[in-house]
Amino acid sequence: MKELFSLLKQYKALAILAPAFKMIEAVLELFVPMVIASMIDQGIARGDFGYVQQSAVRLIVLAAAGLAFSVTAQYFSAYVATEVSTKLRDRLFAKVQRLSYRQLDEVGASTLITRLSSDVNQVQVGINFSLRLLLRSPFVVFGAMVMAFTIHVRIAFLFVVVIAILALCVSVVMHYNLPRYEGIQRRLDGLLMRTRQSLMGVRPIRAFGKEQLMEEDFVGENDAMLSRQRRVGNISGLMNPLTFVIVNGGLAVLLYLGGEKVNTGILTQGEMVALVNYISQILVELVKFANYIITVTKSIACEKRLEEVLCLKEVVRKGAVHHKDTTAALTFDSVGFTYKEGANPALNQIDLSIKQGEKIGIIGGTGAGKSTLAQLAMGNYCATSGNVFWGDTNIEDLDLNNVRKQIAWAEQKPLLFSGTIRSNLMMGKEDASQEEMIAALKGAQAYEFVKDLEDGLDAKVEQEGRNFSGGQRQRLSIARALIRRPKLLVLDDCTSALDYATDAAFRRYVQREMKGTTVIWNSQRISVMEHMDRVLLLKHGQVVDLGTHEQLLERCREYREIYMAQGRKEASYES
């Protein structure tokens, strides 16, 4: 709630005026039954039609003034709710951007999407309703009760009983539903995860004929969510009929008791009509308030989920040392890393020194820890044990933003953003010139297909680069990395979709044009390792051997096995 209140303070004036205008409207509404009572008793009963006309004018003025205050209040409340929810979404998105990779892995993309969209929207509705009804409805209810006391004290106690019973019902429903709405939103996270997974994996799903299985899985999760919603909806659905039963029951008692008082002359006909109007006002406001309670219960549950993300502690850099000319010499000192508590270590006791400008290849089977080692080198994760140094400084003591400005990364499954080829390259360097873009594309062996496109650099890139082949996406990703001219270039199996000739051309470019750049190149191809200064062989997160390609061929049996499995074939292809 702290974040929400801090945002509301920015719109303090409007957040006060909106309920204040609603209160004024409520006061005007409370005078209406008294004007009607006066019209009946002093105008109609006495045949004074001049007084009836005056009373009619008063009612029109009250209605017009009430409408003006109501419309203004609703505009203010809608404005505040929209602005606050927009800023809340901005804060949430900014928070997500600052979270560590580990925290993002633990929270999950699906739940973050739900919180940024559905949860924020629900909070917006809750703010809007709160500014309009939180004070107005209780004020009208208790105001009508007070006005009833000015007419007849004993009969007014009936209003007290009705309001007390309804207050008890509302509190019970709210207490029951609040934790269950949180459960529904968590189910929505799971549903979104399955939807996202099915849409992103539509090709393998269809390739293996698993559409029916995925549909059954989705339907099962959807039915589980429906079941929860029904249980909560059944309780929430009782609010309106329960309100009508209680208030109409009170109205029946009022008519019975009031009619007797009118017959005996204790109450006038106008006062009786006023009492009926007041209990009708209570009915309308309590129905509104019941719906408000249901809405605000959902909003509170969603706001708690937003707070969970906003209250996540960000990884604090110990010293945040800012070195403009940070060297890309890297040292891994007994580094170990585990992704989740209880899981097997992804890396264990890694000792490795990489000189500035050295090009080191990392090879190993799936799950060997190649990508994890690269992520630690870039500072995306903090080592579970041991330390990673940039130069003589622990990477955890460096300003991470400064470090990232000196790093470029190309991955096996690159993500291109919707826009153009130019806009994607500019993510690597915002002020890149046309010449720099062409040079980067040539280095990545991408210029040949880009120049043949009708719009060239301004060719459209669809979401995730779906209008390009896998090899084209990889080459565009490499070009985005090369354009930075980084001190550390991390290539994470980024040429796996390239043919051997294109791969060889790119390797020659790296050797020829990036002599001062430290390169970490993860690959399954021996042809890549042959051209590295040194090769690190990993297995199950541990170092098997480290040395030049020739040294590993001579002394490492496992490396020779990899070489024999593919080395001659690639060598003969390239020759």
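**Reading the fold through a few residues**

Glu307 counts as buried, since its relative accessibility is 12%. The cut-off for buried is under 20% relative accessible area. The model is predicted. Glu307 lies in helix H11, which covers residues 269-310. What does Glu307 contact, leaving aside its neighbours within four places in sequence? The partners are Met1, Lys2, Glu3 and Leu4. Residue 307 in helix H11 therefore meets residues 1 to 4 of the chain and counts as buried at 12%.

Now turn to the charged side chains. A search of the whole structure finds 17 salt bridges. Arg136 is a good place to start. Arg136 pairs with Glu25, and the closest N and O atoms are 3.1 Å apart. This pair links distant parts of the chain: Arg136 sits in helix H6 (residues 136-151), Glu25 sits in helix H2 (residues 12-44), and their positions lie 111 residues apart in sequence. Are these two residues buried or exposed? Arg136 counts as buried because its relative accessibility is 2%. Glu25 also counts as buried, at 13%.

Arg136 has another acidic partner. Its side chain meets that of Glu29 in a salt bridge, at 2.4 Å from N to O. Again the pair links distant parts of the chain, with Glu29 in helix H2, Arg136 in helix H6, and the two 107 residues apart. Glu29 has 23% relative accessibility, so it counts as partly exposed. Arg136 thus bridges to Glu25 and to Glu29. Which residues make up the network around them? Salt bridges link Lys22, Glu25, Glu29, Arg136, Glu285 and Lys288.

One further salt bridge joins residues later in the sequence. The side chains of Asp545 and Arg555 meet at 3.0 Å, N to O. Asp545 is in strand S12 (residues 542-547), Arg555 is in helix H20 (residues 549-555), and the two are 10 residues apart. Their surroundings are not alike. Asp545 counts as buried because its relative accessibility is 15%. Arg555 has a relative accessible area of 46%, so it is partly exposed.

Next come the helices and the surface. Helix H9 spans residues 211-237, and helix H10 spans residues 239-263. Their axes come within 5 Å and cross at roughly 20 degrees. Angles under 35 degrees count as roughly parallel, so H9 is roughly parallel to H10. Where do they meet? Ile235, Ser236 and Gly237 in H9 meet Met239, Asn240 and Pro241 in H10. Elsewhere, Val153, Phe157 and Val160 form a nonpolar patch on the surface. Together they have about 240 Å² of accessible area. Val153 belongs to helix H7, residues 153-200. Val153 counts as partly exposed because its relative accessibility is 44%.

Two residues stand out for their backbone. Ser334 has a positive phi of about 50 degrees although it is not a glycine. Ser334 is in strand S1, residues 330-337. With a relative accessible area of 24%, Ser334 is partly exposed. Gln445 is not a glycine either, yet its phi is positive, at about 60 degrees. Gln445 lies in the loop between helix H15 (434-443) and H16. Its relative accessible area is 21%, so Gln445 is partly exposed.

On the other side of H16 is Gly456, in the loop between helix H16 (447-450) and strand S8 (460-461). Gly456 counts as buried because its relative accessibility is 15%. Which residues does Gly456 touch, not counting those up to four places away in sequence? They are Ile421 and Val450. Gly456 and Thr420 are 36 residues apart in sequence but 9.4 Å apart in space, C-alpha to C-alpha.

The last stop is Thr372, in helix H12 (residues 370-377). Thr372 has a relative accessibility of 6%, so it counts as buried. Leaving aside neighbours within four places in sequence, Thr372 contacts Phe337, Tyr339, Ala346 and Leu347. Phe337, one of these contacts, falls within the range of strand S1, residues 330-337.

Note on methods. Residues are numbered from 1 along each chain as its sequence is written. This is a predicted model: local features need pLDDT of at least 70, side-chain atom pairs count only at pLDDT 80 or more; totals for chains, interfaces and linings use all residues. Side-chain values use heavy atoms; hydrogens and water are left out. Patches are made of residues with over 30% relative accessible area and no salt bridge: like charges are joined within 9 Å, nonpolar side chains (Val, Leu, Ile, Met, Phe, Trp, Tyr) within 5 Å. Accessible areas come from the Shrake-Rupley method with a 1.4 Å probe; for residues, only the protein chains shown count as cover. A salt bridge is a side-chain nitrogen of Lys or Arg within 4 Å of a carboxyl oxygen of Asp or Glu. Helices (H or I, at least four residues) and strands (E, at least two) are DSSP runs, numbered from the N terminus. Buried means under 20% relative accessible area, exposed over 50%, partly exposed in between (1.4 Å probe, protein chains only). Axes are lines fitted to C-alpha atoms, for helices over the stretch in contact, and angles run from 0 to 180 degrees between N-to-C directions. Angles under 35 degrees count as roughly parallel, over 145 as roughly antiparallel, 65 to 115 as roughly perpendicular and the rest as oblique. Contact means heavy atoms within 4.5 Å.
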